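Subject: Structure for you to look at

Dear colleague,

Here is the structure I said I would pass on. Please open it alongside this message; my notes follow below it.

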There are 4 protein chains.
Amino acid sequence: MRKICVFVGSRANYSSIKSVMHHLKNNSKIELQVVLGSSAVLDRFGKVEDLIKKDGFKIDSKFYNNIEGENPITMSKSTGLGIIEMTMIIDNLDPEIVIVVGDRFEMMSIAIATVYTNRILVHTMGGEVTGTIDESIRHAITKFAHIHFPSNEDAKNRIIKLGEDPKFVFNFGCPRIDLVKEELRKNSVEFLEKNFNKNKGVGTQINFKEKFLLVSQHPVTTEFGKNRIHINETLEALNILKLPTIMLWPNIDAGSDEISKAIRSFREKNNCYWLSIYKNLPIAHYIHLMNTTSCLIGNSSSGIREGEFIGTPVVNIGSRQNLRHRGDNVIDVEYKKDNILKAIEDQIQINKYDSKVLYGNGNAGEKISKLLSDIKLPQIQKIINY
Amino acid sequence: MRKICVFVGSRANYSSIKSVMHHLKNNSKIELQVVLGSSAVLDRFGKVEDLIKKDGFKIDSKFYNNIEGENPITMSKSTGLGIIEMTMIIDNLDPEIVIVVGDRFEMMSIAIATVYTNRILVHTMGGEVTGTIDESIRHAITKFAHIHFPSNEDAKNRIIKLGEDPKFVFNFGCPRIDLVKEELRKNSVEFLEKNFNKNKGVGTQINFKEKFLLVSQHPVTTEFGKNRIHINETLEALNILKLPTIMLWPNIDAGSDEISKAIRSFREKNNCYWLSIYKNLPIAHYIHLMNTTSCLIGNSSSGIREGEFIGTPVVNIGSRQNLRHRGDNVIDVEYKKDNILKAIEDQIQINKYDSKVLYGNGNAGEKISKLLSDIKLPQIQKIINY
Amino acid sequence: MRKICVFVGSRANYSSIKSVMHHLKNNSKIELQVVLGSSAVLDRFGKVEDLIKKDGFKIDSKFYNNIEGENPITMSKSTGLGIIEMTMIIDNLDPEIVIVVGDRFEMMSIAIATVYTNRILVHTMGGEVTGTIDESIRHAITKFAHIHFPSNEDAKNRIIKLGEDPKFVFNFGCPRIDLVKEELRKNSVEFLEKNFNKNKGVGTQINFKEKFLLVSQHPVTTEFGKNRIHINETLEALNILKLPTIMLWPNIDAGSDEISKAIRSFREKNNCYWLSIYKNLPIAHYIHLMNTTSCLIGNSSSGIREGEFIGTPVVNIGSRQNLRHRGDNVIDVEYKKDNILKAIEDQIQINKYDSKVLYGNGNAGEKISKLLSDIKLPQIQKIINY
Amino acid sequence: MRKICVFVGSRANYSSIKSVMHHLKNNSKIELQVVLGSSAVLDRFGKVEDLIKKDGFKIDSKFYNNIEGENPITMSKSTGLGIIEMTMIIDNLDPEIVIVVGDRFEMMSIAIATVYTNRILVHTMGGEVTGTIDESIRHAITKFAHIHFPSNEDAKNRIIKLGEDPKFVFNFGCPRIDLVKEELRKNSVEFLEKNFNKNKGVGTQINFKEKFLLVSQHPVTTEFGKNRIHINETLEALNILKLPTIMLWPNIDAGSDEISKAIRSFREKNNCYWLSIYKNLPIAHYIHLMNTTSCLIGNSSSGIREGEFIGTPVVNIGSRQNLRHRGDNVIDVEYKKDNILKAIEDQIQINKYDSKVLYGNGNAGEKISKLLSDIKLPQIQKIINY
């Protein structure tokens with residue numbers, strides 16, 4: 001049996017790999033190992049650990065590596081500590097293959113610990129183009145990875161241009177779409193009325209048959225120091241519309257504190273009866289909200305990725321998703337109140353865009369699992385293809 | 001004044017960047033900061049610190065990050081600790097630009113600490129193709145670096161193919177050649193007779209007017225566990241020739257212990273009157289030895305790089321320099337006693353190859369310094385070029 | 001000049017050593033070095049860094065070492081990381097003497113980094129007896145320290161019983177009392193009316209001429225998992241009294257999250273119009289509140305230490321201050337709503353206790369500074385006294 | 001079953017706890033966990049790992065934490081890294097009790113990781129008095145430990161004077177004596193002739209029926225910088241006697257390099273035909289050498305501890321064993337060639353001293369194991385006894 005270790009570093013991360021984990025677990029030729037670290041072990045980002053256990057997975061090891069501060073200094077040091085911890089875990093669990101997802105800072109810890117100890121590194125969601133430090137991290141991980149599962153054809157071609165061996169680059173689509181497809185068999189308004197309103201935080205009750213907005217805006221690490229100003233532009237635009245709005249707290253990236261403070265301060269100064277803020281939404285809730293909202297606003301990749309499959313109208317703000325391969329459902333705007341307002345007004349006129357399959361059609365997890373159990377593994381020693 | 005920080009992690013590293021440091025120091029628009037770590041702070045790899053001070057540089061900070069064990073596990077953990085330490089140093093010294101050289105494991109620590117904290121990363125010697133984990137590290141650093149100084153045209157083209165902005169990729173040649181050119185103004189035999197024989201370790205005195213061999217064979221990290229067998233093939237070939245032989249102890253990479261033990265064990269079992277082993281040779285000594293030896297044997301990049309400029313006959317063994325851009329002076333062989341023996345016998349028939357300038361003509365340091373003081377720096381936020 | 005390094009790890013820490021720092025800075029025979037770490041560098045515990053700079057001190061170095069999680073695992077790992085960081089700082093700043101305060105977990109990092117690198121360790125506030133892991137840490141630091149400045153005679157005698165050389169154990173009182181004495185030259189009600197009401201957080205305005213309560217209850221690390229239940233007992237007692245109440249958020253110890261959540265949850269379920277909660281109070285504000293409140297409730301050492309000097313009526317809850325040397329102003333109770341309520345009711349009948357000088361009379365900083373500049377330092381090599 | 005974790009950090013460490021481990025393993029009420037770290041995982045200090053496995057123990061986890069440099073800076077940083085690693089291991093293995101031995105720097109890592117995570121800490125060999133930083137470390141660990149197994153009555157009394165609860169302080173003798181007693185059932189000369197001469201390193205063959213010397217001199221960390229001078233005094237005294245001499249390489253403490261270099265340099269300058277140097281001797285070999293040598297010279301605690309039980313004549317040099325409780329078999333001298341020479345000459349006149357049982361009579365391991373399986377464990381929260 002092949003020992004394959006999946007690292008989960010955050011809640012978003014888990015959504016991106018859950019479908020793969022599910023199929024690896026049920027694959028008789030594979031022994032699945034699950035390792036948690038970074039924000040996935042922290043209570044304040046939601047009990048991802050509990051979620052994973054509830055979904056039937058066994059956690060083989062976990063580690064705390066996030067150093068407090070939420071600034072570039074601690075982001076870097078947390079990565080160093082992550083390498084130290086993950087190396088020891090690899091030494092103990094002895095996997096043949098380690099899977100990392102995407103481009104968050106902690107993923108570099110896992111990539112280095114894996115390849116420096118002579119294991120096969122598998123990378124999902126590589127080859128895309130975006131903003132922030134994630135852009136550099138993603139391509140650096142590609143240069144370490146032995147097997148690649150990009151989420152779309154554009155990304156696949158870019159990985160090959162980066163000198164990777166085409167024999168080991170596979171576009172099976174994005175495993176997040178697997179979850180979406182599964183979830184959307186249910187009726188979204190019914191689901192939300194039954195599940196969401198009882199779980200919701202402080203704020204007004206949402207009527208899901210009426211127009212409402214969904215906001216998810218995260219810090220941009222390379223714009224550290226300006227995130228406060230940027231989120232304020234969004235808040236001011238929303239405060240003009242005063243439509244019922246569901247907003248998510250920002251993730252743990254450097255700059256997170258700037259955004260949290262700005263939100264708190266804005267609420268103190270304005271009567272935000274229209275605004276409900278949530279720390280962590282279950283994935284299913286988020287999918288149904290995307291399926292129901294009049295417009296998703298912010299800089300989450302979900303607008304581009306799941307949004308295209310679902311057909312969600314999206315207003316994408318600023319540089320974070322720069323150049324990510326996108327469909328017609330997205331309007332891009334700068335960090336300017338007026339532009340944001342105008343774009344939202346345009347999008348809420350549209351009910352839904354047509355579903356597209358740029359990011360796959362919902363069977364990525366199954367295909368990845370099958371391939372990893374059957375493929376003849378590449379040499380540990382990689383060589384650039386040109 | 002631009003604050004530019006140069007990291008030196010080993011003796012070999014220092015040779016590769018010394019000429020650049022020299023010109024940065026004398027550049028009135030630049031404040032040079034020097035940071036030492038990894039094997040550069042360890043006595044057993046030669047007092048690189050003393051050497052650097054003697055050369056007139058001030059050391060701004062240093063750190064110990066190498067974890068004992070010399071295996072893949074400790075190589076990975078040392079990298080993690082290096083990130084933690086270098087991050088704190090960057091926080092204190094606050095450089096605008098950090099320069100890293102090449103592809104050794106500790107360089108990844110510096111690259112990550114630099115870009116995660118939003119500084120400009122400059123990379124020398126990128127874009128080459130070789131074996132071992134260095135191959136992956138080199139290209140991953142390229143994906144983090146903002147400005148590139150490859151040492152030859154082939155490497156420059158490869159960096160551009162990797163999606164880097166051609167405006168920030170400069171082939172000024174290899175700064176190591178600067179040292180060679182400077183040094184070869186002296187007469188090598190005279191220099192060695194005067195300086196080398198008094199510094200030499202245990203073993204026979206060398207007559208530099210007669211044929212003698214030079215050996216430098218380092219561990220290949222991706223062949224961890226086989227380095228002992230590999231070095232033995234070399235030793236057995238040498239033991240047939242019994243020509244006077246100057247050998248260097250291996251560097252600190254994972255696998256170093258395997259080679260050291262094999263050498264010790266070989267000496268205990270054989271009468272190696274022909275063999276002298278040295279821990280650390282001053283750079284100047286090594287250059288004159290390369291200029292005088294009948295053949296350089298092993299897997300050091302110096303055979304390919306400086307060797308081509310000097311015209312040294314080289315027998316390159318195994319995968320470590322795989323695919324590195326090379327001239328006619330190099331014969332490549334596998335880890336096989338007979339092949340090694342045959343190649344050496346061929347090379348010692350040739351006195352010297354013609355000098356070539358594939359790796360520059362000796363003014364790299366000056367050009368790099370001038371460019372770094374004058375150039376308009378790129379955006380912190382990198383974006384792939386396709 | 002003697003180079004003396006003071007480490008500040010938290011806001012409370014700074015209050016305990018500020019008077020010493022002030023006198024060291026003005027001592028011409030001493031070069032003061034200031035190093036910050038742990039929660040002193042974190043925004044969410046108040047900008048201690050800004051405070052220190054505003055008070056006229058230069059910060060020589062700072063480091064982030066707190067690993068997120070706020071549980072026993074991360075408390076231990078943060079201590080390990082603190083050693084790594086502080087060791088490098090000591091290597092750079094090269095102090096002859098390092099001063100640590102008290103018994104918080106991060107102090108062990110400083111103690112180890114200091115004595116392992118052969119420096120003189122000075123310890124203030126040793127020799128006391130309390131609960132939590134701090135009890136063990138305090139005495140372990142005593143066994144590492146070369147010079148001791150306990151804050152009272154009882155503690156001094158205990159340090160000597162622990163085998164320390166009486167020649168290097170000095171009771172000059174507690175430096176916190178220095179701040180109190182200085183501050184109480186002002187009229188407290190006037191000060192608070194002028195300064196506090198404008199700085200206060202969400203909640204009702206306080207009339208300082210009327211009865212009001214002050215609450216400061218921190219987690220007990222050795223009771224991890226039970227802190228939520230414990231704080232609830234206090235909150236329920238307060239909710240019966242409904243007197244105007246000023247409460248502080250808990251410190252960063254393992255268990256902090258349990259208390260924060262309990263408070264938030266309690267506020268959501270009850271109409272706590274009587275309750276104002278503060279993240280960080282300036283020291284001066286806290287002193288005047290202690291001088292004005294009808295009763296200080298919780299488990300802060302300030303109730304025992306400054307409380308006795310000021311004469312504040314105190315209700316001390318649970319095990320955290322177990323056995324700390326205390327005066328008549330303190331009533332000790334268990335974690336039981338009824339007992340807490342009864343004790344508060346008794347204390348608010350009393351206006352003020354008489355001031356006592358168990359913990360010194362306000363010149364500790366001056367005496368410590370003078371002694372450290374003049375004393376012949378002990379041998380680096382300590383030997384137990386029996 | 002009680003889960004009890006034993007940490008082994010070095011070869012010497014293993015000798016001190018092996019007998020306890022043996023009895024814990026065979027105790028049906030106990031689940032034994034074995035963790036290795038520090039020099040116990042390094043090849044250059046002998047394959048302690050292989051030794052432990054050969055003795056029938058299963059290793060549950062191991063970690064590399066020794067940072068290269070062998071100076072006070074790296075000793076301190078290695079301790080920090082040890083805390084980080086051991087904390088994660090404790091989180092995974094979840095022992096109720098952790099046992100640490102003695103006073104080496106790495107033991108502080110284990111002690112802190114254990115008590116900060118709310119486990120019961122058991123300490124053997126506490127309460128003794130010696131030189132070096134070990135003196136402070138030992139007593140600091142005592143202040144963290146819940147149950148104490150000192151190796152003699154003097155140490156037991158000192159632990160109680162340190163404020164520990166007498167109910168949890170037990171003098172069952174030293175577990176090292178268990179090994180000695182077991183081993184000395186064999187005839188030492190026969191054993192050595194059969195086993196030692198075939199294992200010996202470079203140097204002359206030893207005739208165990210004639211007079212020969214045994215030397216074991218380790219660095220004194222608090223005398224860092226002077227260890228070279230100190231070992232030279234010993235070497236010069238030995239070079240006058242020119243008796244067959246078996247010497248051990250020094251341990252890994254800061255200063256180790258100074259001693260190694262001094263020995264190498266001395267051998268290069270002198271014809272040391274009388275000197276054989278060994279990296280690691282099996283414990284059994286060392287015991288029989290102690291039983292046969294005319295005199296044991298240096299600063300190893302074995303001279304005092306096992307030496308008294310065996311009756312070995314010992315010349316103890318310098319401050320390392322300062323004040324350790326000792327018998328008549330030891331002559332103490334300073335670091336002076338003449339004094340060392342004189343003391344050796346006196347000792348080799350004596351054949352053997354009478355055996356004493358100051359450090360127990362050979363059943364410590366059995367008693368410790370039994371007590372740990374049956375005792376009602378103390379509270380996690382320690383309180384000083386006065």
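H11(D) and H12(D) cross in a right-handed sense. This is a predicted model, and the values here are computed from it. The two helices are H11, residues 283-292 of chain D, and H12, residues 301-310 of chain D; their axes come within 10 Å and cross at roughly 65°. With angles of 65 to 115 degrees counted as roughly perpendicular, H11(D) is therefore roughly perpendicular to H12(D). On the H11(D) side the residues that meet the partner helix are Ile287(D), Met290(D) and Asn291(D), and on the H12(D) side they are Ser302(D), Glu306(D), Gly307(D) and Ile310(D). Sorted by class, this contact has 3 nonpolar, 3 polar and 1 charged residues.

A second helix pair in chain D is H1 (residues 11-25) with H14 (residues 364-374). H1(D) and H14(D) pack at an angle of about 45°, and their axes are 8 Å apart. The two are therefore oblique to each other. The crossing of H1(D) past H14(D) is right-handed. H1(D) brings Ser19(D), Val20(D), His22(D), His23(D) and Leu24(D) to the contact, while H14(D) brings Ala364(D), Gly365(D), Glu366(D), Ile368(D) and Ser369(D). Among the residues of that contact, 4 are nonpolar, 5 are polar and 1 is charged.

Next, the domains of chain A. The domain assignment gives domain 1 as 2-172 + 363-374 and domain 2 as 180-347. The C-alpha centres of these two domains of chain A lie 26 Å apart. How many residues of each domain are in contact with the other? In chain A, 21 residues of domain 1 touch 19 residues of domain 2. On the domain 1 side, helices H1 (11-25), H3 (72-93) and H6 (153-161) of chain A each supply at least two residues. H1(A) has the largest share of that side, 3 residues. By class, the side of domain 1 of chain A that touches domain 2 of chain A has 7 nonpolar, 10 polar and 4 charged residues.

Then the contacts between chains, beginning with chain B and chain A. A turn of 180° and a shift of 0.0 Å along the axis lay chain B on chain A with an RMSD of 0.0 Å. Of the contact residues of chain B, 100% recur in chain A, and the same surface serves both copies. The contact joins 43 residues of chain B to 43 residues of chain A. On the chain B side, H3, H4 (105-116), H5 (134-144) and H6 (153-161) each supply at least two residues. H3(B) gives the most to this side, with 12 residues. The side of chain B that touches chain A divides into 23 nonpolar, 13 polar and 7 charged residues.

Chain B also meets chain C. Chain B is superposed on chain C by a rotation of 180° with 0.0 Å of shift along its axis, at an RMSD of 0.1 Å. That is the relation of a two-fold axis. Which residue of chain B comes closest to the rotation axis? It is Glu85(B), with its C-alpha at 3.8 Å. Because 100% of the interface residues of chain B are also interface residues in chain C, the copies meet through the same surface. The contact takes 6 residues from chain B and 6 residues from chain C. Helix H3 of chain B, residues 72-93, gives the most to the chain B side, with 4 residues. That side of chain B has 3 nonpolar, 2 polar and 1 charged residues.

One point to check as you go through the model is H3(B). This helix gives the most to the side of chain B that touches chain A, and also gives the most to the side of chain B that touches chain C.

Regards

Notes:
Residues are numbered from 1 along each chain as its sequence is written. Chains are lettered from A and ligands numbered from 1 in the order in which they are written. This is a predicted model: local features need pLDDT of at least 70, side-chain atom pairs count only at pLDDT 80 or more; totals for chains, interfaces and linings use all residues. Copies are superposed by least squares on the C-alpha atoms of residues with pLDDT of at least 70 in both. Two residues are in contact if their C-beta atoms, placed from the backbone, lie within 7 Å. Domain bounds come from an automatic or database domain assignment. Ala, Val, Leu, Ile, Met, Phe, Trp, Tyr, Cys and Pro count as nonpolar, Asp, Glu, Lys and Arg as charged, and the others, Gly among them, as polar. Axes are lines fitted to C-alpha atoms, for helices over the stretch in contact, and angles run from 0 to 180 degrees between N-to-C directions. Angles under 35 degrees count as roughly parallel, over 145 as roughly antiparallel, 65 to 115 as roughly perpendicular and the rest as oblique. A crossing is left-handed if the near helix is turned anticlockwise from the far one by less than a right angle, and right-handed if clockwise.
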